[in-house]
Amino acid sequence: MEFFFEVLIGGLLAGVMYSLVAIGFVLIYKASGVFNFAQGSMVLFAALTFVSLHERGMPFWLAFAVTLAAMVAIALLVERLVLRPLVNRSPITLFMATLGLSYMIEGAAQALWGAQVHGLELGISDEPLALGGVLLSQFDLFAAGTAAVLVTALSLLFSKTRIGLSLRAVADDPLAALAVGIRLQRIWAVVWAVAGFVGLVAGLLWGARLGVQFSLSLVVLKALPVLIIGGFSSIGGAIVGGLIIGASEKLAEIYLGPVIGGGLENWFPYVLALLFLLVRPAGLFGERAIERV
Amino acid sequence: MLYNEAGQFSISYAGERRLFRLRQDRRALALLLAFAFVIVPFVGNDYWFSAILIPFLVLSLAGLGLNLLTGYAGQLSLGSAAFMAVGAFAAYNFGLRLPGLPLLACLFLGGVTAALVAVVFGLPSLRIKGFYLIVSTLAAQFFVSWALTKFGWFSNDNASGVISAPPLTIFGVDFSAPVGRYLLTLSVVAALFWLGKNLVRSELGRNWMAVRDMDTAAAVIGIPLLKTKLLAFALSGFFLGIAGSLWAFTYLGTVEPHGFDLNRSFQVLFIIILSGLGSILGNFLGAAFMVLFPLLLSNLAGALPVGLIDPGQLENLQKFIFGALIIAFLIKEPEGLARLWQRFRERVRLWPLRY
């Protein structure tokens, strides 16, 4: 039983890491209806930039600030060069544009900083912590704490600040928001910048976990089923989805793996998400679209 | 006045509805086919056949497969490579388990198997729409490559999951030389393009387009959604499956499940973005671009002074340019390369005059 709880809690904590990437997605989807496939590449770019600057002798916080500035610059460029010319196009077109964008960002990141694997030390010991007989990774707890802080900050941003309110207005109805004088383009730039920041945080945590390397951009593939389960437009949903995926994936690997052969972590979340969708086509917290002809 | 239509009247419904209504189109197509079947085998060399023409033909077929699903029926898919893999491994197994089965029958059965698998993963499409459908196709992608590596049976218990092409003989004629493989690929691809071109103007093709444009409206006017969508998945899977077997048998000669990973799916998707969604001819243009562009880029880099571009950077550069091109095309020419050809045709119709 203790082993079960250990696997379960380990899975839940790992799920939080998925949620971190998914949150960046949700932000952009909420404010602009763009399904941003490039979020994984943004995570890679942020982590790679940070670690390369840090290795060249920049102190932690300076490197953090410079990387953040780079992410904001990317956000501005994306808004200006990709989103603005594509305004009013179908969501599928925008999705494919972000696919192109992810290729660009990956190419640029590796051209700038090379393709070798960098180690990243955040100064958090990974010694397991015994809590009530269950061994927990300190690093995972730290990641979960970071996610909690991030979600709180984001929800405060959405509910208390002026920019957050206009963001929600845009999410609700872009045309009405335009009509009351909210500047759509600025909102998009802000949202992509915030998503870049979330990507940086996710990149640091994932980078410390896996090493900073190309496979970081594949984290996006882990975040997709999380989004599907949680719904594309709910930050809370991204967290819940992450927990569900993380826990069930680990449990499946441990208990189902020996029966049908291991290595099912790659596809299990997708099949699970598919089953969820058959029951709730818009995810747990997604909004059901009403269709008219 | 190269493309003058004047005087070409259709005096029967059959004439109005023929595949290529214009005389010029028919002649150009006949010339092109004659050129590809008769002249190219004599003038081409082995490098051209193996490294350029065969992958070009196979990729255009794969593009056609995805185009039927995404471009015509409007169902987004990121799992094309999975269906290619199913086709390749199924065709291999049919040849292996049923000795004496002719090669073309293996290809056909491989395509049918891929179609069945595609239908299974297309089943959620009635209930799930738009981006959520990505999950179904990605599930196919990851599940198929997992199953093919996990269970040795699929690759006849080869330790690394590699399958190799059966002898390429049809009616006792050996097609295993590069020229033969080229001709075999060309014949299969030409036949399937003829089928595809006819499909999209059939009733089914029209239903697909109605579903693509607005599926609720399509349902209201009495188009059976489930049947239409599943047929789109099935036919797309069939075309992709055959493209996959050709990829394994005539292009590479040997393939492992890893050869059909997510990147291959993206490659096929990029072909149809560049070529223009919902265009038959465009698949050729997109595939040609996909095959020739990396060659062009590496040749250009080779022509530059040494040290200007690090060969290691070439791949990153290529990735960057591809991404930029995708975005540029989506912004400037969302209907793709096919639209450029259409514009050219409109121009030459009036040729010496502008209007």
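This note sets out numbered points on the predicted model shown above.

1. Basis of the note. Residues are numbered from 1 along each chain as its sequence is written, and chains are lettered from A and ligands numbered from 1 in the order in which they are written. The model is predicted, with local features requiring pLDDT of at least 70, side-chain atom pairs counting only at pLDDT 80 or more, and totals for chains, interfaces and linings using all residues, while side-chain values use heavy atoms and leave out hydrogens and water.

2. Overall form of chain B. Chain B contains 14 helices and 4 strands (DSSP runs numbered from the N terminus, with helices being H or I of at least four residues and strands being E of at least two). Its radius of gyration is 21 Å, close to the 20 Å that the globule rule gives for 355 residues, so chain B is as compact as a globular protein of that length. That radius is taken over C-alpha atoms, and the globule rule is 2.2 Å times the number of residues to the power 0.38. Along the principal axes, the C-alpha atoms of chain B fill a box of roughly 65 × 60 × 45 Å. Of the 355 residues of chain B, 50% count as buried (buried is under 20% relative accessible area, exposed over 50% and partly exposed in between, with a 1.4 Å probe and protein chains only).

3. Two positions in chain B. B:Ala147 belongs to helix α6 (residues 132–150) of chain B and is buried, with a relative accessible area of 11%. Its C-alpha atom is separated by 36 Å from that of B:Ala219, 72 residues apart along the chain. B:Pro166, by contrast, lies in the loop between β1 (163–164) and β2 (169–170) of chain B and counts as partly exposed at 26% relative accessibility. From B:Pro166 to B:Glu256 the C-alpha distance is 15 Å, with their positions 90 residues apart in sequence.

4. The second largest pocket. This pocket holds about 2,000 Å³ of space. Of its 49 lining residues, B:Phe20, B:Leu29, B:Ile280, B:Leu281 and B:Phe284 are the closest to its centre. On a 1 Å grid over the protein atoms alone, a pocket is an open set of points with protein on both sides within 12 Å along at least five of seven lines, a cavity is a set where a 1.4 Å probe fits but cannot get out, and lining residues have an atom within 4 Å of a point. Grid points are joined across faces, edges and corners, and a volume is the space filled by probe spheres set on the points. In chain B, α2 (23–43), α3 (46–72), α7 (178–200), α12 (281–303) and α14 (336–349) each supply at least two lining residues, and α2(B) gives the largest share, 9 residues. The lining divides into 33 nonpolar, 5 polar and 11 charged residues (Ala, Val, Leu, Ile, Met, Phe, Trp, Tyr, Cys and Pro are nonpolar, Asp, Glu, Lys and Arg charged, and the others, Gly among them, polar).

5. The cavity. The structure holds 1 cavity of 30 Å³ or more, and about 30 Å³ of space lies in the largest cavity. A:Leu27, A:Leu157, A:Phe158, A:Leu167, A:Val190, A:Val191 and A:Val194 line it. The lining comprises 7 nonpolar residues, no polar and no charged. Helices α5 (138–160) and α8 (184–210) of chain A each supply at least two of these residues, with the largest share, 3 residues, coming from α8(A).

6. Aromatic pairs. Over all chains, 29 aromatic pairs are found (rings of Phe, Tyr and Trp, the last by its six-membered ring, with centres within 6.5 Å; planes under 30 degrees apart are stacked, over 60 edge-to-face and the rest tilted). The ring centres of A:Phe37 and B:Phe266 are 5.6 Å apart and their planes stand at 85 degrees, so this pair is edge-to-face. The pair crosses between chains, from A:Phe37 in the loop between α1 (2–32) and α2 (39–55) of chain A to B:Phe266 in helix α11 (residues 262–275) of chain B. A:Phe37 counts as buried at 6% relative accessibility, and B:Phe266 counts as buried at 6%. Both belong to one aromatic cluster with A:Phe25, A:Phe35, A:Phe95, A:Tyr103 and B:Phe270.

7. Charges over rings. B:Lys319 lies over the face of A:Tyr103, at 5.5 Å from the ring centre. The charged end of A:Lys30 sits over the ring of A:Phe158, 5.8 Å from its centre. Here NZ of Lys or CZ of Arg must be within 6 Å of the ring centre and within 35 degrees of the ring normal.
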